[in-house]
Amino acid sequence: MGKTVVSAALARAASRVGLTTLVIEVEGKSGLPTMFGQGGLEYEEVTLHPGGGPRGEGEVRARTITPDHALLEYLADHGLSRISKRLVASGALDVVATAAPGIKDILILGKVKQLERAGEADLLILDAPAAGHAITFLQSARALLDTVRVGPINAQARDVLEMLTDHERCRVLLVTLPEETPVNELVETAFSIEDRVGVGLSPVVVNGLYDPIDGLEVDPVEAAEAAGTSLREGEAEVLRDAAEFRLDRIALQEEQLDRLAAALPLEQLRLPFVFTTEIGPDELEVLAERLLAEIERVPEVV
Amino acid sequence: MTAPDLRTLVEERRIIVCCGSGGVGKTTTAAVLALEAARAGRRAVVVTIDPAKRLADALGLEGLTDTPSRIDGDWPGELWALMLDTKSTFDELVVQNATTPEQGERILANRFYRNISGALSGTQEYMAMEKLYELNQRTEFDLVVVDTPPTRNALDFIDAPRRLTRFLDHRLFRMITSPGRGVLRAVNVATTTFLRTVAKVVGAEVIEDAVAFFQAFEGMEQGFRDRAEAVLHLLSDDDTAFVLVASPRRDTIDEATFFAEKLAEADIPVRALIVNRMHPRFGDGLAEATRARAESLAGTAIGGLYRNLADFQLVASREEEHLSGLAAAVAPAPVVRVPFLKTDVHDLDGLRDLARHVLPS
């Protein structure tokens with residue numbers, strides 16, 4: 001759906017208006033640094049975009065959080081570093097994670113909460129797991145409170161739940177494509193997480209819309225004549241086919257946007273399809289600018 | 001030597017595994033392949049692992065279950081479909097392997113066990129392979145097509161059976177479940193201390209459940225291990241074909257390439273590559289030239305028409321570029337390009353329409 005692209009664009013948009021931003025990746029593999037023209041992510045923070053400049057931009061930093069790392073850190077913080085290596089190396093984390101499902105998720109979210117509390121950045125963006133897992137991921141805190149009734153994990157889950165359900169501190173931004181199945185999944189996910197987790201939803205981002213172009217309804221031969229130019233043989237047909245393709249797809253996308261609007265009472269932030277198929281720093285700037293314009297366009301939501 | 005085309009695979013193999021990252025149309029592709037086998041007169045069954053129940057929709061079946069249901073149609077063969085139920089597949093496996101009915105019951109009732117199907121990574125992959133094995137053993141199907149979970153790590157489902165047996169065989173818990181075996185006693189003291197510390201963090205109840213599970217499981221590991229080996233053997237069998245499904249986006253192509261490499265390391269060749277949602281190519285001009293023409297005519301209708309053409313020429317050439325490395329990585333496997341379709345597949349007619357692109361006759 002372009003979750004990572006939207007995370008990157010959002011980070012850059014925030015940085016443009018002067019906010020320092022930390023993007024957190026949790027799946028151990030991300031195209032994020034490439035979008036900023038840089039190499040891989042580590043558990044340690046890296047700077048993807050320097051702040052400052054004439055416009056007083058905010059810095060964009062990024063890091064990875066994995067359950068294993070978060071666990072080691074958690075144990076060290078709780079005076080248990082002696083057993084931590086063994087717990088991870090022996091694979092016992094898998095056993096514990098099975099005994100108390102959601103523990104890996106809570107370790108990650110717990111670390112996010114810690115970063116938030118420490119005021120690490122003005123905005124933390126978590127590039128969360130994809131749709132299917134997103135619900136269990138966000139639900140982990142609530143689920144764990146039932147399994148683990150006492151002790152530090154219970155306290156951790158409580159804190160995380162407090163952060164997730166505080167609409168001033170945390171919002172979930174859902175990303176979709178203007179296509180049938182993604183729209184259905186988004187609507188389902190939106191209702192599930194609102195009902196089951198109690199998180200606040202921000203406007204949804206619809207990614208990959210074909211921008212309209214003027215002139216596509218005009219017949220190529222007439223259009224060429226009007227501009228005082230001529231077409232090569234066979235060119236009219238090619239231009240006509242391509243124009244028809246875009247117009248058809250725009251109409252289909254409009255249908256899906258309407259369907260989404262009817263099913264989900266949330267504002268839509270719309271981002272364009274990127275024809276270069278790769279997001280580098282240039283494309284990212286375009287998307288960030290678009291996102292800011294879209295945020296201006298929709299009414300204040302908080 | 002030319003590699004068999006996709007149609008040959010559908011008509012001759014006994015097992016087709018559709019793999020690839022999420023959101024690339026694996027489920028529908030699996031359904032198309034099974035449908036085409038039925039149309040070729042074979043008895044085909046498709047197994048899906050799809051929380052969004054898309055295949056059920058595509059096949060016009062409400063509430064697909066984990067037992068095969070037959071889909072009627074005007075084909076000479078048979079088409080069956082089922083939805084993988086990870087938990088019930090696992091339950092069956094436990095019951096089959098239990099040394100006594102009581103042992104089976106004790107495990108099924110254990111809270112830790114009940115978490116396994118939902119929480120332990122790789123379980124879904126493992127059960128998909130298990131289901132595949134079970135269906136292949138039965139004589140009423142000529143072809144089993146499996147849709148796989150949208151795995152980030154290609155080896156998850158090849159590795160899953162082994163990983164789970166490793167887990168069930170966990171050293172730590174072998175120590176707990178075999179108290180007092182001489183030399184292990186010393187280790188056991190350390191283990192107990194260790195567990196006590198873990199219990200302090202997650203609560204004693206959680207650890208008690210886990211220990212009870214591993215104790216109940218005692219004696220069943222070998223059965224599980226043998227079955228895991230049999231499943232792996234089946235995956236590398238000549239009658240099994242792995243079909244890689246991708247979309248032409250850069251990131252999914254990268255994942256698919258990684259996938260193909262990992263399969264190759266496991267000595268499992270990709271037999272076909274299906275790339276869904278390709279943009280059409282309009283004309284044979286170069287995007288740069290068309291773009292330049294669009295810019296020189298900016299502000300006019302013809303300028304807009306050229307700009308649009310340039311967009312699609314660019315995207316089509318980029319998609320082919322991304323694809324070329326992957327095509328080389330899976331060579332000599334055939335590459336099937338499926339265009340963007342106007343609507344999603346909702347019914348059998350939609351599947352038939354898609355089949356015309358996936359398997360042109």
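This report describes chain A, its contact with chain B, and a few backbone details of a predicted model.

Residues are numbered from 1 along each chain as its sequence is written, and chains are lettered from A in the order in which they are written. Because the model is predicted, local features need pLDDT of at least 70 and side-chain atom pairs count only at pLDDT 80 or more, while totals for chains, interfaces and linings use all residues.

Chain A holds twelve helices and nine strands, where helices (H or I, at least four residues) and strands (E, at least two) are DSSP runs numbered from the N terminus. Its C-alpha atoms fill a box of roughly 80 × 40 × 40 Å along the principal axes, and 41% of its 302 residues count as buried; a residue is buried if 20 or more other C-beta atoms, placed from the backbone, lie within 10 Å of its own, exposed if 12 or fewer, and partly exposed in between.

An open sheet of three strands in chain A has the order β6-β8-β9 with parallel pairing, two strands being paired if DSSP finds at least two bridges between them. The edge strands, β6 (175-176) and β9 (268-272) of chain A, each pair on one side only. Two bridges join β6(A) to β8 (residues 204-209) of chain A, and A:Val206 in β8(A) is the bridge partner of A:Thr176.

Helix α11 (residues 235-263) of chain A reaches 42 Å from its first C-alpha to its last, close to the expected 42 Å, which is 1.5 Å times one less than the number of residues. Its buried residues, including A:Glu235, A:Arg246 and A:Leu260, pack against α9 (180-197), α10 (220-226) and β9 of chain A together with α15 of chain B.

Between the chains, 52 residues of chain B are in contact with 54 residues of chain A, contact meaning C-beta atoms, placed from the backbone, within 7 Å. On the side of chain B that touches chain A, α15(B) gives the most, with 15 residues.

Two residues of chain B other than glycine have a positive phi, as tabulated here.

| Residue | Phi | Place | Other C-beta atoms within 10 Å |
|---|---|---|---|
| B:Asp267 | near 60 degrees | loop between α13 and β7 (270-278) of chain B | 8, exposed |
| B:Arg277 | near 55 degrees | strand β7 of chain B | 19, partly exposed |

The peptide bond from B:Ala331 to B:Pro332 is cis, with omega near 5 degrees, and B:Pro332 lies in the loop between α15 and β8 (335-339) of chain B. Most residues other than glycine have a negative phi, and most peptide bonds are trans.

Definitions and conventions
Contact = placed C-beta atoms within 7 Å.
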